Amino acid sequence: PGSKPYGSSADTFLRLIAMSGQSKQDDKSIKLGLQLMENQAEGLRRHIQVDELYFSGKSAFQENAVVKTTTFGRALFMDKQIQSSEIDEFIYHESLVKPAMTLHSNPKRVFIGGGGEFATAREVLKYKSVEECVMVDIDEEACKICIKELPTWHDGCIEDKRLKVIYGDAFKYLYECKEKFDVVIMDIADPVEAGPGYKLYTKEFYCQVADNILNEGGLLVTQSTACDVLNGNKSFATIHNTLKSAFDNVFPYRAFIVSFGGPWGFNLAWRSHKSLPNKPTDISTDEIDKRISERHEKKAKDTKFYDGETHQGIFNLPKHIRKFMKDCSQVSTIENPCYMEYGALET
């Protein structure tokens with residue numbers, strides 16, 4: 001894996017190829033014609049048509065595959081779950097990055113936990129105020145796969161001298177480092193029981209960031225799993241409630257990510273400071289647009305999803321989601337973590 005283009009025979013996607021009876025067509029891809037069935041909830045599945053395989057292999061931490069799907073275009077799968085797709089990665093990454101970077105008065109130092117596709121770094125480095133962006137991802141092999149196979153995701157940001165990439169454990173890094181940051185962005189895998197990242201959703205971690213990592217007026221944002229009527233009362237609500245144990249301002253929001261199968265949740269958190277608003281929607285539509293225009297590098301590509309009007313919309317959640325959060329009492333800790341459960345992948 002990492003050096004051979006199609007990984008080991010034990011890999012899930014190679015088993016699917018063997019089942020399909022298809023063969024390698026050229027040096028770049030394998031032609032398929034398979035349907036992956038992904039469980040989203042009890043009794044609910046969706047079918048994803050996979051046409052070509054560009055890469056499949058197993059790193060020290062997870063299975064990785066880059067494929068071409070009929071509907072979503074090129075897509076990244078990790079441990080049998082779709083992580084990012086060509087058709088809508090901009091919605092996810094702009095939603096994750098833009099609100100925090102726009103609300104902060106002058107973000108100079110930014111930390112990214114995870115972010116292996118480098119699209120989060122791409123969005124951060126559009127801001128001319130950024131002096132250094134430190135990205136810590138645990139899976140070097142997966143990151144190198146993304147650089148090679150997902151070039152439009154990083155869009156050349158890997159050459160930006162402001163980007164510092166460290167391959168290691170983000171939890172350990174933020175407990176040991178003496179640095180401080182203006183914005184902390186957690187672009188990490190969902191909190192699954194077998195995964196390495198569940199500790200990055202705990203009270204202990206959020207308190208460490210709030211107490212020791214963020215500068216005054218700093219913000220933390222984290223992806224927060226599915227935010228819909230079927231799943232919003234589970235990990236999404238728990239992540240929100242856990243953040244409230246470390247920050248006095250926590251604001252949930254969501255965006256519809258079609259390749260993920262529905263609305264996807266995020267949480268933005270900060271401790272009260274004169275440079276920050278009482279709530280994100282206090283900043284007007286015109287002011288958000290003005291900040292984006294003034295703060296982006298001249299060479300930076302314009303946003304496709306996020307602007308002032310979108311900003312106002314994503315923070316206004318429907319009543320049933322607000323009730324999920326109000327009713328949630330669970331706080332995720334290292335000793336008693338919250339996990340997100342997935343269904344099986346089948347053909």
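What is the handedness of the crossing of helix 8 and helix 11? The tour returns to this point once the surroundings have been displayed.

**Confidence colouring**

This is a predicted model, and colouring by pLDDT is a suitable start. The average for the chain is 89, and 87% of the residues score at least 70. Select residues 1–11 next: the pLDDT there is below 50, and the stretch has 31 contacts in the model beyond near neighbours in sequence.

**The hairpin of strands 2 and 3**

Select residues 44–58, which are strand 2, together with residues 63–69, which are strand 3. The two strands pair in the antiparallel sense, over 7 bridges. They form a hairpin, with 4 residues between them. To inspect one bridge, display Glu52 and its partner in strand 3, Lys68.

**The open sheet**

Next, bring up the sheet in which 7 strands are arranged in the order 8-7-6-9-10-12-11. The sheet is open and its pairing is mixed. Its edges are strand 8 (163–167) and strand 11 (249–257), each of which pairs on one side only. From one strand to the next, the twist averages 15°.

Within this sheet, select strand 9 (residues 181–187) and strand 10 (residues 214–226). These strands run parallel and are joined by 5 bridges. One bridge to display is that of Met186 with its partner in strand 10, Thr222.

Now add helix 8, which packs on the sheet. The helix touches strand 10, strand 11 and strand 12 (262–270), and its direction makes about 170° with that of strand 10.

**Helix 8 against helix 11**

Keep helix 8 (residues 232–243) on display and add helix 11 (residues 319–327). The two helices pack with their axes 9 Å apart, at an angle of about 60°. Helix 8 is therefore oblique to helix 11. As for the opening question, the crossing of helix 8 and helix 11 is right-handed.

Which residues make the contact? From helix 8, show Gly232, Asn233, Phe236, Ala237 and His240; from helix 11, show Ile321, Phe324 and Met325. Colouring this selection by class gives 5 nonpolar and 3 polar residues in the contact of helix 8 with helix 11, with no charged residues.

**A final view**

For a last view, show helix 8 with both of its surroundings: the sheet, on which it packs through contacts that include strand 10, and helix 11, with which it packs at about 60°.

Technical notes:
Residues numbered from 1 in each chain as written. Predicted model: local features only at pLDDT ≥ 70, side-chain atom pairs only at ≥ 80, totals over all residues. Heavy atoms only, no water. pLDDT = per-residue confidence, 0-100. Contact = heavy atoms within 4.5 Å. Axes fitted to C-alpha atoms, helices over the stretch in contact; angles between N-to-C directions. Parallel < 35°, antiparallel > 145°, perpendicular 65-115°, else oblique. Left-handed = near helix turned anticlockwise from the far one by under 90°. Nonpolar A, V, L, I, M, F, W, Y, C, P; charged D, E, K, R; others polar. Pairing = 2+ DSSP bridges.
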